[in-house]
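Q: I have just opened this one and would like to be walked through a few residues. Could you take it slowly?

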Amino acid sequence: MDFLSEYWLDILTTVLGLIYIWLEYRVSIALWFVGVIMPALDVWLYWSHGLYGDAGMAVYYTLAAVYGFYVWKFKKTRKLKQSLPIIHLPRRQYLPATLFFFFAWGATYYILVTWTNSTVPLLDSFTNALSFVGMWALARKYLEQWFFWIVVDVVCCFLYIQKGIPFKAGLYGLYVVIAIAGYYKWKQMLKITKYDKV
């Protein structure tokens, strides 16, 4: 019972995380519903373990899930009036995305070292900043979103081990493997979409 009382929230959000990544892999719009519930619970989990940046990031994830659902459900391609397809990240977005990442990293780091007692401000702010970019890329169905998540997942796995959140750490380790598989699945779907347009 002591084990469950200590780790129940870690376990619950881990199960939701597994459902979320499976739905993302399947390109299912239902991922956004889980994407609202899971990060809302994560706010509590991360805050209680001193991961203040991740707690703030979970608030963003909750709001971003609403945006992601809207884009996937209602955003149509102008020419074909079809659902938003999987595409490559446009080159014109490289510089703005990179600049935003470094700005978000610096701003989050400053907040953590100035107003919290975070013991991992550099890595916590790094994963936050890259997650901002990753959620935006996922909402736009950019194939390269998987690369962002692979990096975030590796760093988060390390952080959660360090902070005593073992189930979440294991989940993020699994996320790395699933993100690699997801990249290849989305890449194949992108090729099929291109073939259908010819």
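The chat below goes through some cysteines, two loop residues and an aspartate.

Q: Before we start, what kind of model is this?
A: This is a predicted model, in which local features need pLDDT of at least 70 and side-chain atom pairs count only at pLDDT 80 or more, while totals for chains, interfaces and linings use all residues. Residues are numbered from 1 along each chain as its sequence is written, and side-chain values use heavy atoms, with hydrogens and water left out.

Q: OK, where does C156 sit?
A: C156 is placed in helix α6, which covers residues 145–162; helices here are DSSP runs of H or I with at least four residues, numbered from the N terminus.

Q: And is C156 buried or exposed?
A: C156 is buried, since its relative accessible area is 3%, where buried means under 20%, exposed over 50% and partly exposed in between, using a 1.4 Å probe and protein chains only.

Q: Which residues does C156 touch?
A: Leaving aside residues up to four places away in sequence, C156 touches T127 and Y172, a contact being heavy atoms within 4.5 Å.

Q: How many disulfides are there in the whole structure?
A: A search of the whole structure finds 0 disulfides, a disulfide being a pair of cysteine sulfur atoms within 2.5 Å. C156 is accordingly in none, and the nearest cysteine sulfur to it belongs to C157, 8.9 Å away.

Q: Why is C157 not bonded to C156?
A: The closest cysteine sulfur to that of C157 is the one in C156, and because the two are 8.9 Å apart, they are too far for a bond. C157 also counts as buried, at 18% relative accessibility.

Q: Switching to the loops, what is unusual about the phi of V27?
A: V27 has a positive phi of about 55° although it is not a glycine. V27 lies in the loop between α1 (2–25) and α2 (31–48), and it is buried, with a relative accessible area of 17%.

Q: What about the phi of K141?
A: K141, which is not a glycine either, has a positive phi of about 60°. K141 is found in the loop between α5 (121–139) and α6, and at 10% relative accessibility it counts as buried.

Q: Back in α6, which side chain of opposite charge is nearest to D153?
A: That is K168, 10 Å away, and D153 is buried yet has no salt bridge. A salt bridge needs a side-chain nitrogen of Lys or Arg within 4 Å of a carboxyl oxygen of Asp or Glu; for charge, Lys and Arg count as positive and Asp and Glu as negative, with His and the chain ends not counted.

Q: So what does D153 touch?
A: Setting aside residues up to four places away in sequence, D153 touches Y172, Y175, V176 and A179.

Key:
Helices (H or I, at least four residues) and strands (E, at least two) are DSSP runs, numbered from the N terminus.
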